[in-house]
Amino acid sequence: MGVFCRVVQAVNELSAFDIAKLDMHDDYYFIAHTLDCVLLGRAKEPAHGRLLAAIQGGTLLEAHFFDTTREIFVTRSQDRLVQYEPLLHNQNAFAKDEIVSREYELEEKFRNQSGYYSLTVKEYINYDEDHLAYVEKTVLYCLGR
C-alpha cells in the first residue's frame, strides 16, 4: 500500500498539460499516440489539427513535443494529461565529442502518412566514477524530410 501511495503522489506532482501554454518555439515537432493512430509532424501542418482534436476529445494517450532546444513528454494519467519536466538540449554543458547525433529511418507507413523520413535524436554522454561512458539522456531533436 505504501508504494502505491508514493506512485499516486508522484503523478499528482506532475503539472497539468495545456497545449496553449506549451513552452516551445512556434514551429515545434510532435509525435503523438492517440486511441486509434500515431500522428507526427509540425505545429503548422494538417496533422496538428488532428492532434488538437485528440486533446480536446480526450483520445490523446501520450505525446512528445520537441524542437532544437527541448523535448516535453505528455501522458494521460488519471483521466487528465500531465507533462514531465522538459529534457533540455544543454549542449554547452557537454563537450562536442560527448554529444552523439543519431538519425533513425521511419517506417514506411509513417513516411507515407507524414512526408517525414527520419527522426533525429541527440544522446548526451557522461561518465561514471570508474570513467565508464553512459548515455545520460536521449532527447528528440527533429524530424527529417
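The paragraphs below go from the whole chain to one of its sheets and then to two single residues. The structure is a predicted model, in which local features need pLDDT of at least 70 and side-chain atom pairs count only at pLDDT 80 or more, while totals for chains, interfaces and linings use all residues. Residues are numbered from 1 along each chain as its sequence is written, and side-chain values use heavy atoms, with hydrogens and water left out.

The chain has three helices and ten strands, where helices (H or I, at least four residues) and strands (E, at least two) are DSSP runs numbered from the N terminus. Followed along the sequence, these elements give the pattern α-β-β-β-α-β-β-β-β-β-α-β-β. Along the principal axes, the C-alpha atoms fill a box of roughly 50 × 50 × 25 Å. Of the 145 residues, 41% count as buried, a term that stands for under 20% relative accessible area, with over 50% called exposed and the range in between partly exposed (1.4 Å probe, protein chains only). Among the contacts in the chain with a separation of 6 or more, 49% come from residues 24 or more positions apart, contact meaning heavy atoms within 4.5 Å.

One sheet of this chain is open and consists of three strands in the order 8-9-10, with antiparallel pairing; two strands pair if DSSP finds at least two bridges between them. Its edge strands, each pairing on one side only, are strand 8 (99-105) and strand 10 (133-144). Neighbouring strands of the sheet are turned by 25° against each other on average, direction ignored, the axes being lines fitted to C-alpha atoms (for helices over the stretch in contact) and angles running from 0 to 180 degrees between N-to-C directions. Strand 9 (residues 118-127) pairs with strand 10 over ten bridges in the antiparallel sense, and isoleucine 125 has valine 135 of strand 10 as its bridge partner.

Two residues elsewhere in the chain can be examined singly. Glutamine 83 lies in strand 6 (residues 80-83), and this residue counts as buried because its relative accessibility is 18%. Beyond its neighbours within four places in sequence, glutamine 83 is in contact with Leu14, Ser15, Phe17, Ile72, Phe73 and Val74. Serine 77 belongs to strand 5 (residues 70-77) and has a relative accessible area of 13%, so serine 77 is buried. Although serine 77 and alanine 16 are 61 residues apart along the chain, their C-alpha atoms are separated by 9.8 Å.
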